[in-house]
Amino acid sequence: MKTIGLIGGMSWESTAHYYRVLNQETAARLGGLHSAPLLIHSVDFAPIAAMQSAGDWDGAGAILAQSAKTLVAAGAEIIGLATNTMHIVADTITAGLDAPFVHIADPTSDALLADGFETVGLLGTRFTMEMGFYRERLEARGLKVLIPEVGRTNLNGIIYEELCLGIIREQSRKIYVDAIAQLAARGAQAVILGCTEIGMLIDDSTSPLPVYDTTDLHAKALITAALA
């Protein structure tokens with residue numbers, strides 16, 4: 001099994017979930033006491049979040065590209081970026097990278113298409129919902145992608161001000177459930193939890209639509225790549 005390098009810390013809450021899923025999936029596939037050979041470079045999220053707000057994607061991309069190179073130098077053979085939003089700089093990270101990079105949107109597309117869905121809702125940070133980098137990758141696979149028409153600032157605030165800090169509020173869960181219901185009314189057949197923290201708040205038991213948790217799907221795809 002190849003060694004996985006994970007760029008994490010954005011936020012550490014979701015990176016902890018990645019660690020759990022990566023090891024659970026390895027054990028499920030290999031059995032016994034097997035766990036994932038894994039290197040994690042966990043960045044300080046505060047400067048990255050400040051760069052997001054300032055639109056300094058070049059600066060953030062440079063930090064994450066160096067993180068990926070550090071992981072490869074330490075022995076990582078496959079690279080994963082444990083955040084949806086920062087895939088906006090995926091091309092910067094992969095430029096000159098001497099290891100395969102597993103893009104978080106690809107296993108999500110695979111799962112939705114395999115289940116026969118065509119029109120999907122996308123929830124995430126306002127960057128993920130409003131900027132084209134994520135939607136366009138999904139649409140290139142033939143999916144029709146809907147984002148909330150209203151309340152995007154509120155949804156974004158819940159991620160940064162609550163979930164990234166490990167805060168779970170029932171009122172915030174209701175806001176997300178309402179947003180999903182509105183997407184369903186516009187024709188969404190399923191919803192992508194396109195931020196690695198949203199799975200802390202929403203799952204199939206609470207959502208009006210089937211949910212596709214990008215954290216779980218990405219982690220499992222990394223294991224598949226490591227075992228190939």
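In the predicted model, helix H5 spans residues 105-114, and its buried residues are Ala105, Pro107, Thr108, Ser109, Ala111 and Leu112. The cover over these buried positions includes both strands and helices. Among the strands are S5 (119-123), S7 (190-193) and S8 (211-213), while the helices include H7 (132-139) and H10 (214-227). After H5 comes Gly116, which adopts a positive phi near 85°.

Helix H5 also takes part in a salt bridge through Asp106, whose side chain meets that of Arg137 with an N to O distance of 2.9 Å. Because Asp106 belongs to helix H5 and Arg137 to helix H7, this pair ties together parts of the chain that lie 31 residues apart in sequence. Helix H7 is also among the elements that cover the buried residues of H5. Neither partner of the salt bridge counts as buried: Asp106 is partly exposed, at a relative accessible area of 24%, and Arg137 is likewise partly exposed, at 35%.

The Asp106 and Arg137 pair belongs to a set of eight salt bridges in the structure. Another of them joins Glu162 to Arg169, with the closest N and O atoms 3.2 Å apart. Here the two partners fall into separate accessibility classes. Glu162 has a relative accessibility of 10% and so counts as buried, the cut-off being under 20%. Arg169, by contrast, reaches 44% and is classed as partly exposed.

A further salt bridge is formed within helix H9 (residues 170-185), between Lys174 and Asp178. The closest N and O atoms of this pair are 3.0 Å apart. Since Lys174 and Asp178 are four residues apart in H9, about one helical turn separates them. Lys174 is partly exposed, with a relative accessible area of 46%, and Asp178 is also partly exposed, with a value of 32%.

A further local feature concerns the backbone towards the start of the chain. The peptide bond leading from Met10 to Ser11 is cis, its omega lying near 5°. Ser11 is placed in the loop that runs between strand S1 (4-8) and helix H1 (12-30), and the cis bond therefore leads into a residue of that loop.

Methods. Residues numbered from 1 in each chain as written. Predicted model: local features only at pLDDT ≥ 70, side-chain atom pairs only at ≥ 80, totals over all residues. Heavy atoms only, no water. Helix = DSSP H or I, 4+ residues; strand = E, 2+ residues; numbered from the N terminus. Buried < 20%, exposed > 50% of the residue type's maximum accessible area, 1.4 Å probe, protein only. Contact = heavy atoms within 4.5 Å. Salt bridge = Lys/Arg side-chain N within 4 Å of Asp/Glu carboxyl O.
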